[in-house]
Amino acid sequence: MSHLVQNYLDRVRLEYQAVDDGELADYIPELAQVDPAGFGLALSSADGYVYQSGDAAREFTIQSISKPFTYALALDRSGAAAVDARIGVEPSGEAFNQISVDPDTKRPKNPMINAGAIAAVSLVPADSADERFALIQDYYSAFAGRRLELDHDVYASEKATGNRNRAIAYMLASFGVLDDDPDQVLDVYYRQCSLKVTAVDLARMAATLARSGVNPLTGRRVTDATVVRRTLSVMVTCGMYDGAGDWVSEVGLPAKSGVGGGVLAVLPGQLGIGTYSPLLDPKGNSVRSMMLCRRLSEELGLHFLTVSRDSRATMRASYEPCPGVRVFETHGDLLFPGAEQVVRTIERACSDLDVAILDVSRIDDIDSAARRIFAGMGAELRAQGKLSYLVDPDGIVAPDDAAIRAEYEAIRFRTVEDAVEAATAGLRSR
């Protein structure tokens, strides 16, 4: 039944496949050579289950999506006080590659623009550029749950054409923000931006942030919750450059984009999203990824200011009142992330049951995405020859489609006892 979510993601992604607005990042010669039609989506739940659609396994370079992770590593290794002394946390309102610092403090305004990201590299303590890059590569890989490798061609291309970043680095050195040699710091910065990822990697990295630093695939704690909280906070206000205000009001997910075409987005406590589409808008954000993320946020209720109670939505209990009949009790607020996990829980139990009874009588609130998932789940169970009943005394899962409502009423019961009695009768009549 997880294919209900998969089908939805495939359909939504395909609706934007034909969009050809935007331009490739041709100021980096290697990025001008990529296929502009590439388009992938991955979504990782908090327990590590990953949905992927389209070109989700295609590799591309992480580019500026690297910035929050190097910032987190600097916080881990140097501490917040040392990092705050060199990098601010205020939105800049400027382009990502602007040659500027705060006029009063002479610090980069935040770690999500190039000036702040270069400063963050210098705050990863190491005895050499190679050692510093190795620390960064290992850190990113721990978030992704696999070894990330360098794209040597993109690295060489960025290094050969990065005059603006050289200007930024030497400006930072002149203000005392960089203690190390600017060219060595820049070399590491170009390498970190040239690490290869997929949309699946980004979704897993985002899910690790959603899990407060624990990778749901490996179970490994990569960083602590304090570092994650600081990192996500800066991503909310600064992660989408001078489009951050529109993003947070319309999409409402801590996020980071990169000129390689990726977008990483986090719903804290719930899930991570990774997308890939290399055609960029004038602000350096992926056009199709932006459209896709807005759509997912709207239809799945992912805005972080509307789902704060969703962490209480869970499977309360699962038990067999009689052979072949299993009851699944839920409670709390049931929005898309919770509904997706409930459906997979029932799917895993399908082989051992004849009747599934879903009890939503303790649900406080439910959104349209969860309703659609449960409607599809009931139909899927019946297609497999199972019986499906719903304990829904208040009718909160009532479908919007009037044609389906009569069928819904036929399987809806006020109590678990009534549903079990109907299930027993239904099994006897077979």
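Partly exposed here means a relative accessible area between the buried limit of under 20% and the exposed limit of over 50%. R362 sits in that band, with a relative accessible area of 34%, so it counts as partly exposed. The model is a predicted one, and R362 is a handy way into its charged pairs. Its salt-bridge partner is D359, with the closest N and O atoms 3.2 Å apart. D359, for its part, is buried, at just 2% relative accessibility.

Zooming out, the structure holds 23 salt bridges. One of them pairs R295 with E15, and here the closest N and O atoms are 2.8 Å apart. R295 belongs to helix α12 (residues 287-300) and E15 to helix α1 (residues 3-15), so this pair ties together parts that are 280 residues apart in sequence. As for accessibility, R295 comes out buried at 14%, while E15 is partly exposed at 43%. Another salt bridge joins D180 and R132, again with a closest N to O distance of 2.8 Å. This pair also links distant parts of the chain, 48 residues apart: D180 is in the loop between α7 and α8 (182-193), and R132 is in helix α5 (residues 129-144). D180 is partly exposed, with a relative accessible area of 32%, whereas R132 is buried at 5%.

Now for the annotated positions. The unreviewed UniProt entry gives a "binding site" annotation that covers S64, N114, E158, N165, Y189, Y241 and V259. Of these, N165 is found in helix α7 (residues 163-174) and is buried, with a relative accessible area of 11%. Leaving out neighbours within four places in sequence, N165 is in contact with N114, I118, L186, Y189 and Y190. The link to N114 includes a polar contact between the two side chains, at 3.0 Å.

Y241, also covered by that annotation, lies in the loop between α10 (225-238) and α11 (244-250). Loop or not, Y241 is buried, with a relative accessible area of 5%. Beyond residues up to four places away in sequence, Y241 touches S64, K67, F96, M112, K256, S257, K283 and N285.

Then there is S157, which is placed in helix α6 (residues 152-161). S157 is buried too, at 9% relative accessible area. Its contacts, not counting residues up to four places away in sequence, are I28, P29 and E30. With E30 there is a polar approach as well: a polar atom of the S157 side chain lies 3.2 Å from the backbone nitrogen of E30.

How values were computed:
Residues numbered from 1 in each chain as written. Predicted model: local features only at pLDDT ≥ 70, side-chain atom pairs only at ≥ 80, totals over all residues. Heavy atoms only, no water. UniProt positions renumbered as here; feature names shortened; annotations may be inferred. Helix = DSSP H or I, 4+ residues; strand = E, 2+ residues; numbered from the N terminus. Buried < 20%, exposed > 50% of the residue type's maximum accessible area, 1.4 Å probe, protein only. Contact = heavy atoms within 4.5 Å. Polar contact = N/O pair within 3.5 Å; in protein donor to acceptor, adjacent residues only side chain to side chain. Salt bridge = Lys/Arg side-chain N within 4 Å of Asp/Glu carboxyl O.
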